Amino acid sequence: QAVGIATTDEGLVFDNVPSTTTFELVTTTSKDFDDDTVDIGVATGVTNVTVDLTGTVSTDATNPLNLLTDAGKITINDKINDGTYYESSSINVGSSDSDNKLTSVVLTGGGALSATASAVITLDNENANLELASIDASGLESDLVVSGLVTTGLADDAKITLNASGQKLTIAQGDALIDQLDIVGGAGSDEVVFTAADNATYRPGMSGVETLTVTATDASAGDVTIDLSDAGSDTTRIKLDLNSVDHNVTIQKASGLTSLTLAGTVGADKLITVGGSSGALTIDNSAAITDSGTVVDLTVSDSLDVT
């Protein structure tokens, strides 16, 4: 067990750790484990380490806790609770050994941040010694942000498994391209979020995810296409913040789409195209045209009944 102290850049290094060891990191103030590094080297044959985060306040979001291990897999149990609600925490993960990269993270615990919101776990990479093929969040009741892992942290076709009660997952826009992620939703209502959509075709790999939320890039460089070929009929709702986009937007192969929410602003004389299978589509539009007296065309498939 290690109790945090409110100073930065401290370090704990463990070596030859057996498989029976569980590490407990205890927070007492908001600056505990502020940019601190806990490096867990394991004994030969050990393939997983377990870390419990406990205490009453979150780890620091500006200078997150760094958790390193050469085991290949780390299980992080979030037990930080103020007595009523769980806390949001930021954690950087990786390995201190370039020959034994971190490839798997399991997240458990967490829950409600308040009566109306979920706590959030944010994962980022501490160094280049990780290539995550799997993030198992099926036991995590908090929402999850992995958008910082896009550069080196996630392997192609990395699998992210969500919980059974409903979860929000925020990814980087580069990971919404084809063949980047395999996102598996649970029995609840799940949502995948990404921002900065620009000049690309986004084809997120996901199943069991009901809502896709996308924010376009202001002053975009090119047209944006959202292709739901790899989402199946599970994705029934798209929430699109046009965010002053000044290029065309296309939603295509949206076989299960029944709800489209448009927000933000859109440049004049632009085309928004929606293609899907037969069925009913409800469009809730609060988007504004940036130049008065001009037109934005909204085109939908003939097979859709539109409200």
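Two strands pair if DSSP finds at least two bridges between them. Strands are DSSP runs of E with at least two residues, numbered from the N terminus. The model is predicted: local features need pLDDT of at least 70, side-chain atom pairs count only at pLDDT 80 or more, and totals for chains, interfaces and linings use all residues. Residues are numbered from 1 along each chain as its sequence is written, and side-chain values use heavy atoms, without hydrogens and water.

Five strands form an open sheet with parallel pairing, in the order S17-S20-S22-S25-S28. Strands S17 (200–202) and S28 (297–300) each have a single partner strand and stand at the edges, so one side of each lacks a neighbour in the sheet. Strand S25 (residues 271–276) pairs with S28 in the parallel sense over four bridges. Thr273 stands opposite Thr299 in S28.

The largest nonpolar core has 73 residues. Such a core is a set of buried Ala, Val, Leu, Ile, Met, Phe, Trp, Tyr and Cys residues joined through side-chain atoms within 4.5 Å. Buried means under 20% relative accessible area (1.4 Å probe, protein chains only). Leu123, Ile135 and Leu144 have the most contacts inside this core. Strand S11 (residues 130–140) gives the largest share, five residues. Contact means heavy atoms within 4.5 Å. Not counting residues up to four places away in sequence, Ile135 touches ten residues' worth of neighbours listed as Val105, Leu107, Leu123, Leu144, Val146, Leu149, Leu154, Lys159, Ile160 and Thr161.Rings of Phe, Tyr and Trp (its six-membered ring) pair if their centres lie within 6.5 Å; planes under 30 degrees apart count as stacked, over 60 as edge-to-face and the rest as tilted. Two aromatic pairs result. The ring centres of Phe194 and Tyr202 are 5.1 Å apart with planes at 40°, so this pair is tilted. Both Phe194 and Tyr202 are buried.

Definitions and conventions:
Buried < 20%, exposed > 50% of the residue type's maximum accessible area, 1.4 Å probe, protein only.
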